[in-house]
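User: I would like to learn how to read sheets, burial and a binding site in a model. Please take me through the features in turn.

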Amino acid sequence: MENRHTVSKEQVSRMTTDELRANFLVPGLFQPGKVTLVHSHEDRVVLGGVAPSTEPVALEAPDELRAEYFLQRREAGIIVIQGSGVVTADGTAYAMPKGACLYLGRGVRDVTFASDEGQDARFYLFSAPAHASYPSALVLPGEGDIRELGDQQHANRRTLNRYIHADGIQSCQIAMGHTVLHEGSMWNTMPAHTHDRRMEAYLYLDVPDDARVVHLLGDPEQTRHLIVANHEAIISPSWSIHSGVGTQAYSFVWAMAGENQDFDDMDHQPIDTLL
Ligand SMILES: O=C(O)C(=O)C[C@H](O)C(=O)CO
Ligand SMILES: [Zn+2]
């Protein structure tokens, strides 16, 4: 498992493009027939990608976790970002269309992923340490807590679907959901925000091959950017803004871990303070 260490905001303000990408961009999560995991020391989260065939692949505990099985001391949220497939957790099969979210609590031992026939499913996983066991739960697309945000004038009309959060699926640390930009809208959260109590990761999807998202990160007064392609993730420390503008509409899965699961607990960064 790849291991990403933390860096300070001062280091980030001086990084080259290659250094920024090596520290914050997570490409290559979806390898045919494999589970690919990246551990970040930002709140000790693990980002994972699974691209199975119809043959099930298992979620194993990497040596670095020193655990008998992956969810021995962890919880995970899983969202299907392409196709449809099945996650089986301790013998229960969860049928997951694109956009469905499955929460698996601490103590679930055997987890496998499989694609439906002809679907080329891709599963995105976000995991955090857990102090208690909450029940596993599946939410189907459109059945989370939906918020309509933005307007055409600001090119930021988007539908935000909250799945794992304080008033939704219960978890120890994870808050997770899916935001879909409407056609003709390109901006996600701007004015930007930080949340000193939680790290966050974005996984961009539905980005056409000839499109990119310009993702903004860093200290609000020392902003940096990364050019992001489809199915690539970005790790945001709690002090970093995380905002993006696409060359056309796209979607993204956002996932947070840390002190609380209160989605609205944000430190807003007014636009005239960004540098
Ligand atoms: O479209 C948005 O705005 C978002 O989806 C924002 C993220 O959910 C976020 O950053 C929550 O802290
Ligand atoms: Zn955020």
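**Reading the sheets and the site**

Analyst: Three strands, in the order E19-E18-E21, make an open sheet with antiparallel pairing. Helices (H or I, at least four residues) and strands (E, at least two) are DSSP runs, numbered from the N terminus. Two strands pair if DSSP finds at least two bridges between them. This is a predicted model: local features need pLDDT of at least 70, side-chain atom pairs count only at pLDDT 80 or more, and totals for chains, interfaces and linings use all residues. Residues are numbered from 1 along each chain as its sequence is written, while chains are lettered from A and ligands numbered from 1 in the order in which they are written.

User: Which strands stand at the edges of this sheet, and why is one side of each left without a neighbour?

Analyst: The edges are E19 (224–228) and E21 (241–246); each has a single partner strand, so one side of each has no neighbour in the sheet. On average, neighbouring strands here are turned by 25 degrees against each other, direction ignored. For such angles, axes are lines fitted to C-alpha atoms, for helices over the stretch in contact, and angles run from 0 to 180 degrees between N-to-C directions.

User: Over how many bridges do E18 and E21 pair?

Analyst: In general, strands of a sheet pair through backbone hydrogen bonds, either parallel or antiparallel. Here E18 (residues 213–218) pairs with E21 over 6 bridges, in the antiparallel sense. Opposite Val-214 stands Val-245 in E21.

User: How do I read the faces of E17: which residues point one way and which the other?

Analyst: In a regular strand, side chains alternate between the two faces of the sheet. From E17, Arg-198, Glu-200, Tyr-202 and Tyr-204 point one way, and Met-199, Ala-201, Leu-203 and Leu-205 the other. Strand E17 (residues 198–205) is mostly covered, with 8 of its 8 residues buried. A residue is buried if 20 or more other C-beta atoms, placed from the backbone, lie within 10 Å of its own, exposed if 12 or fewer, and partly exposed in between.

User: Which strands pair with E17?

Analyst: Strand E22 (residues 251–258) pairs with E17 over 8 antiparallel bridges. Strand E20 (residues 233–236) is joined to E17 by 4 bridges, also antiparallel. Leu-203 has Val-253 as its bridge partner in E22 and stands opposite Ala-233 in E20.

User: Where does UniProt place the "binding site"?

Analyst: The unreviewed UniProt entry puts it at His-193, His-195, Glu-200 and His-242. They span 50 residues in sequence, yet no two of their C-alpha atoms are more than 11.2 Å apart, so they gather at one spot. UniProt positions follow the numbering used here, feature names are shortened, and annotations may be inferred rather than shown by experiment.

User: Is His-242 buried or exposed? And what about His-193?

Analyst: His-242, in strand E21, has 26 C-beta neighbours inside 10 Å and so counts as buried. His-193, in strand E16 (residues 193–194), has 16 inside that radius and counts as partly exposed. Leaving out residues up to four places away in sequence, His-242 touches Glu-200, Tyr-202, Leu-217, Ile-234 and Ser-236. Contact means C-beta atoms, placed from the backbone, within 7 Å.

User: Which residues are around ligand 1?

Analyst: Among them are His-195, Glu-200 and His-242. Residues count as near if the C-beta atom, placed from the backbone, lies within 6 Å.

Key. Two residues are in contact if their C-beta atoms, placed from the backbone, lie within 7 Å.
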